[in-house]
Amino acid sequence: MILLISVFYSLIDALSLTIFIPLFQIASGEDTGSVSQKTSYFIRFFEWIGLQPNVNSVLLLMIFFFSLKALFRYVDVFYRVLATSYFIKRIRHRLLEAIANVEYAKFVTLNYGTIQNTVTGEILNVNNAFAQYISVIQNLIFVFVYLLLSFLTNPKFTLIVIVGGWLSRWVFKSLYKSSETLSLKITHQNNELSGLVLQKTGNYKYLKSTALLARYLSKINDKVNAIEKQVVVLGKNSAKVMAFREPIIVLFLVLAIFIQMNILGGKFNAIIVILLFFYRAFGSLMSVQQSWTAFLKYVGSVNHYESFLDELKTNAESTQGNSFQSFEKSVSLSNVSFAYQNGKSILNAVNLTIPKNNSIAIVGKSGSGKTTLVNLICGLLKPSTGEIVVDGQPLRTINLASFRQKIGFIAQETVVFNDTLFNNVTFWDEKNEYNVKRFNEAIKKVDLEAFMQRSENGADTILGDSGVVMSGGQRQRLSIARELYKNIEILILDEATSALDSQTEKFIQESIENLKGQLTIIIIAHRLSTIKHADTIVLLKDGEVEASGNYQELLQKSATFAQMVALQEL
């Protein structure tokens, strides 16, 4: 559509310029019998519409064409705004969707700085590249139309100028190549810079308390300085193109006029209108080169976006499978083993059954495979060998999104959004009577009513970044309230109480006890006091199940577990 509008706009503009031919001839008082063939067309057109072929008629027609050109120009500019707006929305949606759909095993290997920089800065650069590319195509159409009309008017003169314009592109070829290379380098280094800034923010407390912040800041500044140097060189290339483009084009145009008048014996008045066409064509050609130079500044972002998107799509999680309705019987692991791509084995031939509404605790030393086991049960990771079966269905045949809707997950690092208490619990559900009732029930179950009542805005209290206005225990209670609000069937707690004080840990433990028999609960814990009352305790050692049973049974048959209990003085 943009290209079609451009064609019509350039044709209308060219016709507006063409009217100068009869205007000059009629204004000069030439006899209608001696006027050019092109002017005779206008005379017959005036007679056909009932107007006298005079200067006033030509002026009226000029007003009409230029007004029509203004209309097409408005449509052109407005439609380009719509197109670029739609474009950035589309590419941003595509990227965010690809990030959401990528396999967990792939996601954890991605550079978070790359993700942030791509979603924010690089997306805008891609949109700028799109706008500049459209400008290039549009102005090329203008150039083509103007040169075509010029060729129809005076072929020899037009060919001379076209050859000169074609030769001029070689002057800037090396600058364009250099700009493209620099753009790719700048994009790569911007990704690294984003990663460094994210790590500085995440580790700020440590860096500040150990006086290492200045050294780390120096590392960031080195990256900033490197980017700045490359941006300066890129700007220098752009300045060269913009400074020398017009003089070179004018040089070839002057040369063409010289050849036309001194070698081909042409007359200057015969090329006046052609010069007007060339004025427009060269203006558009300069816009082409200017837009192309600007496009090259962003080409690194375009290449990065495409390659990053392809990488995400290549590692996308399968959305196929049977819809999971409800957890009815059990989750079973049969000879499940898992190893990362580097070949390191994490789990070996694990056999385990988790009945519905039972509580199961997974314990073991760091690196024994506890979190990996939970990740497999959630479908975040796929077994290298063996099978995970849910209610008789292999997990690989189940739609994972529908299965995970039944899962609640609470980790040591709580998830709190910088939003209201209500939105954190309900995950932005509509604030109607039914949802408010469910919200209040969840808040009551985890004993957050006192916090809500003390807060000035109650359920609408903004919790701040990472829940800064809450204590660690309150954040954990919030996490449990969110999962209870979801009406989950499986609750996973991954070291959920390890960072809490004894009193808060006791409350969380009591909250979990109250949920026994209502949910299937899977607990990973280092503090064995948290899992004393679990129906089954599974002891992992070096990726294998060393022993399982309830607390007392495990004390009797596992020396390793007995030693762990003794060390914690339970």
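This passage goes through some strand pairing and the internal cavities of a predicted model.

The model is a prediction, with local features needing pLDDT of at least 70, side-chain atom pairs counting only at pLDDT 80 or more, and totals for chains, interfaces and linings using all residues. Numbering starts from 1 along each chain as its sequence is written, and side-chain values use heavy atoms, with hydrogens and water left out.

Start with the strands (DSSP E runs of at least two residues, numbered from the N terminus, as are helices, which are H or I runs of at least four). Pairing here takes at least two DSSP bridges between two strands. S1 (residues 330–339) and S4 (residues 385–390) run antiparallel and share five bridges, with Ser-334 sitting opposite Glu-387 of S4. S4 also runs antiparallel to S5 (residues 393–394), through two bridges; here Val-390 has Gln-393 in S5 as its bridge partner. That S4–S5 hairpin has two residues between the strands, and Asp-391 takes a positive phi near 50°.

Now for the holes. A cavity is a set of points, on a 1 Å grid over the protein atoms alone, where a 1.4 Å probe fits but cannot get out; lining residues have an atom within 4 Å of a point. Points are joined across faces, edges and corners, and the volume is the space filled by probe spheres set on them. Searching the whole structure turns up two cavities of 30 Å³ or more, and the largest comes to about 60 Å³. Its lining includes Ser-359, Lys-516 and His-533, while helix H17 (502–515) and strand S8 (520–524) each supply at least two lining residues.

Notes. 1 Å grid on protein atoms, 1.4 Å probe; cavity = no way out; pocket = protein on both sides within 12 Å on 5 of 7 lines; lining within 4 Å.
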